[in-house]
Amino acid sequence: MNSIIVEINEAFKDAEDFFIEPFSLDGEAVLLLGLHSIVNLIKTKEILKKDMDTSEVNHSIKVKRTFFNRKGVEINSEEAIESILQGKLIVYSKEKNIMLLFEPLPKELNRSIQPPANENVLQGPLDSFIEDMSTNIGIVRKKVSSAHLSVKTYTVGSDQKKKLSIVYLDDRADKGVIKKIISHIEMNQHTNILYLQDLCRFMGVRKWEVIPQYNNTEMPLEAVDGLNKGRVIIFVDGFPFALILPHLLWDMFAQANDRNYAYPIMSAIRFLRVVGALITLIFPALYVALVAVNPEILKIELALSIAQSREGIPYPPFVEITIMLLILELIIEASIRLPLSIGPTVTMVGGIVIGQAVVDAKLVSNLLIIIVAATSIANSSVVGFQNALILRLLKYVVVIFASIYGVLGILSGLVFISAYFASREIFGIPYTSLTKGRGGIG
Amino acid sequence: MRRIMICFKLVLSLCILMPLSGCWDIKDINHRAFPIAMGITKEGEKFKVLLQIPISSEGVQKQAIVKGTGLTILKAVEDIRTNMESSVDLLHIRIIIFDRKLVEEGGMEEPINTFMRIREISSKTLIAICDDNIDSFFLALKKNLEKGINLYDFFEKYAGWTPQISLTRLWHVYRALNSYTQNVAIPMVKSGENTAVTYTGTAVMKRGKIVSKMDPKETLLFNAFHGNSMKGRVEVMEHATIMIVGNTGFHKGELRNHIPYMFSTIRLNVVIQERRGKVSNAIIKKELEKVMANRFDGMLKRFQKQETDVFGLGQYYRNKIPYEELKDWRKKYYPNLEMKLTIHTTIQNEGNLKNIIDK
C-alpha cells in the first residue's frame, strides 16, 4: 500500500468511522476515503454510478470531468486528513498514485428550521437560526435581498477548525468596526473558538467585562434589523444564533419585532421595559434602605405596617434579602437546568412552599416576598437573556450600597452603574450611545 | 504584580468603606418606636414631654402614651428613651401639642428653637395648642384612638381637615418668632365628648404669646386670604345657603406717605344650595360679599389694635420699607394700614331647579 494511505490510516487508527472503500470508476480501481459519520457513502456511490451509466459520451471524459479535472487536484497527506475531517471524500487512484478531493453528499446532521426556542415571538416571523452556518446565512440572504450584503467567511483555530462568517451591508455598516473585526480575526487565526467566551477574548474584550459585547439572537428578524441599522452579524458554525455587534444599551429595551405594532403601543412596551430594569435595580435596595437605614422617609402608616410585618424577624434586612434573592437565583438556575417535566415542580416548591413557609417561619417578612417577586418579574421584562443577566448581577451592587448608605447609597449605586455603562466602548462605539450619528449604529 | 496591586487596592477601599459608613448604628424598623404626637408642658421648672406611640401588633392598632420629665425637652425625651424597650426616634413626629399654660407663660420659644436645631424633627411638623389639661387630653386621645393614628388625620388634608382649621407648621412658628413682618396663628384643640378632638379656634400669637383668638369662621377667611382652599365650606346666610367650591386671592401693597395701603381681591366660586323665599342671585352675591367683608374688617381691626400681623401683610412691604425701619412695622406702620378688600363672587351652579328669579 502506498505510504500516503498508510499515513492517513495511521492518523485515523482510533476512528472507527473512518473508511477506506475500494471502488471502480470507469474500470479504474480507486479507493474512497472518508468518515462514515459525516459522509453519506451509499448515496454518494449511487450518484457516481448514475453519472457514469447514463452517460452517452466516453466514460473517461465524464469521469475526468467529475473528478480529475477539479481545481486543486493533487493533495498531500496533511491536506487530505484535514479535508476528511471537514467532511470531504478522498478518491485515491492507485494507478496514477494521486489523491483527489470530492464533495460528497453529507449526512443530514442539522435540524430543520424551527420557531425560536429561547426567545418568544408574539405575532412576528416564526423562524430561527439553526446550528448550520450556511443555512443561517441563507435565511438572512432570503430576508435581505440586496446586492450590498457582504458575507466573509474565515476558518479559524489551530487544531479544531471552526468556520466564522461576518455578514454586513457594506453601504450601511461602519467601516471602522468592520476593519477592526477583520483585523482581529486575521490576527488570531490560530486561536480555537469553542465557546463565545473564546470569541470575546479573540476580539480583544477584557476578561472581567460584565457588559455583553454581542447581542445574540435566535431570530432572523432581529439580525436583519441589525444589518439595516449598520451593525455587523457574526455567525459561528455550530451556534444556533447570530451575534449582532456592537451591542448597545438601548438593545436592552428595544426589539425589532416591536415595530410590528402601532407606534404608541411600541413606545409603551419599551417604556415598560425601562421601568422593569429600574425596578430590578432599585426595589431590593429600596427595601433594605427604607427598613434599615432611612425609615423616616416612609409615611407613618406604611412605616407601622412594615414594622408589623417584620415583627420577630431575627435578621437584618440585608441578610434577609440576600437569603431570598439567593433562593430565587437558585430557582431560576434550577428551572433552566432541569428537564421541562420537572421545571414546574421546582417552581411550585420554590415559589409556593418556600415562599409561604419562609414567611410563616418568620425568616423573612411578607413585604420582602412581594419585593422579591416583583423584582424577578421585572427582571424578565428586558430584551435578551444576556441583558437580564447583567441586571441580575448589578442589583446586588445597589443592595450592598443601600445597606451601607441607605437611600443615598441607592443613588450612588445607580450613579456607579451609569458611570460604568458610560465608560464602556464596543469596537469604538460608546455603549450608551443612542444616536444614529455614527454610521447609523443606534 | 499588577494584579496583586489591584487586589490590594480593592481590599483597602473595602476596609475604608466599612468604618466610614456608620452602618453599625442602623436599627431595623421593627426595633424602633415611632412617636407621632408629642405633648409638651411644664411642671415647675421641668419640662414634661408626652409621646403617643402606636404599637404594631397583630390586628388592632394600639397606642401607648409615655411620659418623661427633664430640665430640657431632650432630657425628657432621653428619659423616655431609657425606659423604652425599642429605640425612640422623633423622625415621624407629625404633630406637637403645646400646653396652653406653657404658651401663655411665654415658654414656646425655647422648645421651637430646640426642634429647629436638632434636625431630627421635620420642619413640616404641625403645631397645635391644647386648650385643656394636656395629660387628660392625651389619655382621652388614647382611649379614642385605639383604632388608628388619628390626631394627625384630624389635620390631614385628605382626611379630616376642613377649611376652618388652620394648619401651622413648625417652620411657620419659628419664622414668626424671628420675623419683623409676620405673626402666626396656631390651632387650638381639646378633647371632645363624642369625637377624639374638638377644635376650639385659632390662637393668634405675638412673640410666642397668645394675644387674641379667631373662631372657626374667621379662620376660614384667614385660610382663604392665604389661598388655601375653602372648598366644600357651607356658609349659611340670611337668604340662602351656599357652598364655596373654589377660591383664589390676589394682594397688592402700596406705601403712600408712610401709610401702607393694601388692595386685596378674593374670588369665590359658589354653588347655591338652598334659597329662602324669592331672592335673586344678585342679592345672594351681595349678602355673601358683605358678610365676608365685615368679618374680615372686624378681624383686621382687632389684630391691628393688638399689633399682631397674622395675615403677614408686612411681607408685601418688605421691599418698600427700609430694612432698619422694618422692625418697627408692627408698631409704626401696621396699625395705620388701610385695607381695601374686594370680594368677587361667581355663582357657578344653582342646582337643577328651573324657575330661577334673576332680578
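## Close-ups of a predicted model

**View 1. The largest cavity, in chain A.** Lining this cavity are A:N215, A:E222, A:D225, A:G226, A:K229, A:R231, A:I244, A:D251, A:A254, A:Q255 and A:A256. Keep in mind that everything shown here comes from a predicted model. The space inside the largest cavity comes to about 100 Å³. If you want one element to look at, pick helix 8 of chain A (residues 220–228), which gives the most to the lining, with 3 residues. Sorted by class, the lining has 5 charged residues, along with 3 polar and 3 nonpolar. Across the structure there are 3 cavities of 30 Å³ or more.

**View 2. The second largest cavity, in chain B.** This one has a volume of about 60 Å³. Around it sit B:M108, B:V173, B:A176, B:L177, B:N183, B:V184, B:I186, B:M205, B:K206, B:R207 and B:G208. Two elements of chain B, helix 7 (170–178) and strand 9 (197–206), give two or more residues each to that lining. Helix 7 of chain B has the largest share, at 3 residues. What mix of classes does the lining of the second largest cavity have? Here 7 residues are nonpolar, 2 are polar and 2 are charged.

**View 3. The second largest pocket and the elements of chain A around it.** Now for an open space: the second largest pocket, with a volume of about 1200 Å³. Its lining takes in 33 residues, and those lying nearest the centre are A:L85, A:Q86, A:G87, A:K163 and A:D237. Four elements of chain A each bring at least two residues to the lining, namely helix 4 (77–85), helix 5 (133–143), strand 5 (149–156) and strand 6 (162–169). Helix 4 of chain A gives the most, with 4 residues. On the chemistry side, 14 of the lining residues are charged, 10 are polar and 9 are nonpolar.

**View 4. The strand 5 and strand 6 hairpin of chain A.** Both of these strands also turned up in the pocket lining of View 3. Strands 5 and 6 of chain A run antiparallel to each other and are paired over 8 bridges. To find your place along the pair, look for A:V151, whose bridge partner in strand 6 is A:V167. The two strands make a hairpin with 5 residues between them, and in that turn A:G157 has a positive phi of about 110°.

**View 5. A low-confidence stretch of chain A.** How well does chain A score as a whole, and which residues stay under 50? The average pLDDT of chain A is 84, and 91% of its residues score at least 70. Residues 68–72 of chain A are where pLDDT stays under 50. The model has 10 contacts for this stretch beyond four places in sequence. Where pLDDT is low, the predicted coordinates should not be read in detail, so go easy on interpreting those contacts.

**View 6. The four-stranded sheet of chain B.** This is an open sheet with mixed pairing, and its 4 strands come in the order 11-12-13-14. Strand 11 (233–236) and strand 14 of chain B are the edge strands; each has a single partner, so one side of each goes without a neighbour in the sheet. Ignoring direction, neighbouring strands in this sheet are turned by 40° against each other on average. Starting from one edge, strands 11 and 12 of chain B run antiparallel and are joined by 4 bridges, with B:R233 opposite B:I244 in strand 12. At the other edge, strand 13 of chain B pairs with strand 14 (residues 338–349) in the parallel sense over 11 bridges. In that pairing, B:M262 has B:M339 of strand 14 as its bridge partner.

**View 7. The strand 12 and strand 13 hairpin of chain B.** In the middle of the order 11-12-13-14, strand 12 (residues 240–256) and strand 13 (residues 259–275) of chain B pair antiparallel over 16 bridges. One spot to look for is B:T248, which stands opposite B:R267 in strand 13. There are 2 residues between the strands of this hairpin, and B:N257 in the turn has a positive phi of about 60°.

**View 8. Helices on the chain B sheet.** Helix 8 of chain B (residues 216–225) lies across strands 11, 12, 13 and 14, and runs at about 125° to strand 11. Helix 9 of chain B (residues 281–306) packs on the sheet too, touching strands 11, 12, 13 and 14. The direction of helix 9 makes about 145° with that of strand 14 of chain B.

Notes:
Residues numbered from 1 in each chain as written. Chains lettered and ligands numbered in written order. Predicted model: local features only at pLDDT ≥ 70, side-chain atom pairs only at ≥ 80, totals over all residues. Heavy atoms only, no water. 1 Å grid on protein atoms, 1.4 Å probe; cavity = no way out; pocket = protein on both sides within 12 Å on 5 of 7 lines; lining within 4 Å. Points joined across faces, edges and corners; volume = space filled by probe spheres on them. Nonpolar A, V, L, I, M, F, W, Y, C, P; charged D, E, K, R; others polar. pLDDT = per-residue confidence, 0-100. Contact = heavy atoms within 4.5 Å. Pairing = 2+ DSSP bridges. Axes fitted to C-alpha atoms, helices over the stretch in contact; angles between N-to-C directions.
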